[in-house]
Amino acid sequence: MPEETNSIDYIMEKASGPHFSGLRVSGGTASGKTTVCDMIIQQLHDHRVVLVNQDSFYRGLNTEELKRVHEYNFDHPDAFDTEQLLECVEKLKSGQSVQVPIYDFKQHRRSSDSFRQVNASDVIILEGILVFHDQRVRNLMNMKIFVDTDADVRLARRIRRDTVERGRDVNSVLEQYAKFVKPAFDDFVLPSKKYADVIIPRGGDNHVAIDLIVQHIRTKLGEHDLCKIYPNVYVIQSTFQI
Ligand code: ADP
Ligand code: C5P
């Protein structure tokens with residue numbers, strides 16, 4: 001293999017392509033997707049980067065579904081309003097600001113009167129268990145990252161999180177995990193790992209991988225600035241995408 005095709009810069013450039021509009025971050029439940037995204041955003045410290053969570057686009061449950069919530073599969077692709085997610089990201093990409101729903105994991109529905117205002121920005125980070133599943137979502141942005149954390153670590157974190165933050169008891173977490181979460185991980189999440197450009201083992205503990213991604217986005221944002229300052233001289237791209 002020629003030396004240059006082995007370099008980190010070459011691999012990152014191939015992963016994101018010449019256009020850079022954003023990252024999609026996938027991985028199993030409690031793998032550390034949100035943690036990794038927060039670390040990237042914190043380190044970048046740049047207002048041109050925004051985070052969109054697939055969880056915000058969970059469909060609200062109707063009264064009947066709420067009565068039998070333990071039979072509801074939140075890990076199936078149909079649990080999300082993917083059309084609305086697509087519309088939201090397309091708007092952000094075209095320079096419009098959007099109102100993202102706020103999802104309540106205790107009530108299993110969206111807030112009816114409040115939204116999170118997300119302004120149009122240069123880099124969109126989209127995170128969620130199934131952001132590689134739907135081909136249209138997969139094609140929204142170019143760099144795809146899979147956060148790869150062992151299942152036992154994820155289950156332990158999920159039990160702690162769901163009991164402390166999401167108002168669940170341990171038995172219901174374990175039941176839901178065995179009945180829906182694990183089968184859906186095997187059927188939908190794991191098979192979509194093949195679409196990843198970059199795999200981050202150990203999630204937020206992997207500082208080297210996170211630094212590399214941050215560095216790459218910084219480089220791309222820098223190129224974008226140069227395009228704006230010297231539109232006729234420094235011809236990289238007329239539109240900026242990751
Ligand atoms: P995801 O977005 O993939 O569901 P989160 O980033 O929300 O995962 O993490 C799930 C839970 O695990 C959270 O309570 C978080 O604080 C915890 N967590 C995430 N990464 C780590 C880590 N590296 N070490 C310890 N706890 C972690
Ligand atoms: O943050 P995380 O990626 O873990 O969020 C996805 C998980 O949230 C899914 O595995 C799903 O089982 C869970 N979920 C839930 N209750 C809801 C909505 C989602 O337990 N009302």
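Me: Which nitrogen or oxygen contact does histidine 108 make with ligand 2, and how far apart are the atoms?
Reply: Keep in mind that this is a predicted model. The pair joins a nitrogen atom of ligand 2 and a polar side-chain atom of histidine 108. That puts it inside the 3.5 Å cut-off for a polar contact, and the distance is 2.8 Å.

Me: How much of ligand 2 does the protein cover?
Reply: On its own, ligand 2 has 470 Å² of accessible area. With the protein around it, the covered share is 98%.

Me: Which side chains have an N or O atom 2.6 Å and 2.9 Å from an oxygen atom of ligand 2?
Reply: Here the ligand partner is an oxygen atom in each case. At 2.9 Å, the side chain is that of lysine 33. At 2.6 Å, it's threonine 29.

Me: What classes of residue make up the shell around ligand 2?
Reply: The shell holds 17 residues, with Asp75, Tyr103 and Arg158 among the closest. Helices α6 (151-164) and α7 (170-192) each bring at least two of them. By class, the split is 7 nonpolar, 3 polar and 7 charged.

Me: Where does ligand 2 sit, and what is the volume there?
Reply: Ligand 2 is in the largest pocket. Among the lining residues closest to that pocket's centre are Ala30, Asp55 and Arg161. The volume comes to about 760 Å³.

Me: Which element gives the most to the lining of the largest pocket?
Reply: Elements supplying at least two lining residues include α2 (33-44) and β3 (98-104). The top contributor provides 6 residues, and that's α6.

Note on methods: Residues numbered from 1 in each chain as written. Chains lettered and ligands numbered in written order. Predicted model: local features only at pLDDT ≥ 70, side-chain atom pairs only at ≥ 80, totals over all residues. Heavy atoms only, no water. Near = heavy atom within 4 Å. Polar contact = N/O pair within 3.5 Å; in protein donor to acceptor, adjacent residues only side chain to side chain. Areas by Shrake-Rupley, 256 points an atom, 1.4 Å probe, with all protein chains shown as cover. 1 Å grid on protein atoms, 1.4 Å probe; cavity = no way out; pocket = protein on both sides within 12 Å on 5 of 7 lines; lining within 4 Å. Sits in = over half its atoms within 2 Å of the grid points. Helix = DSSP H or I, 4+ residues; strand = E, 2+ residues; numbered from the N terminus. Nonpolar A, V, L, I, M, F, W, Y, C, P; charged D, E, K, R; others polar. Points joined across faces, edges and corners; volume = space filled by probe spheres on them.
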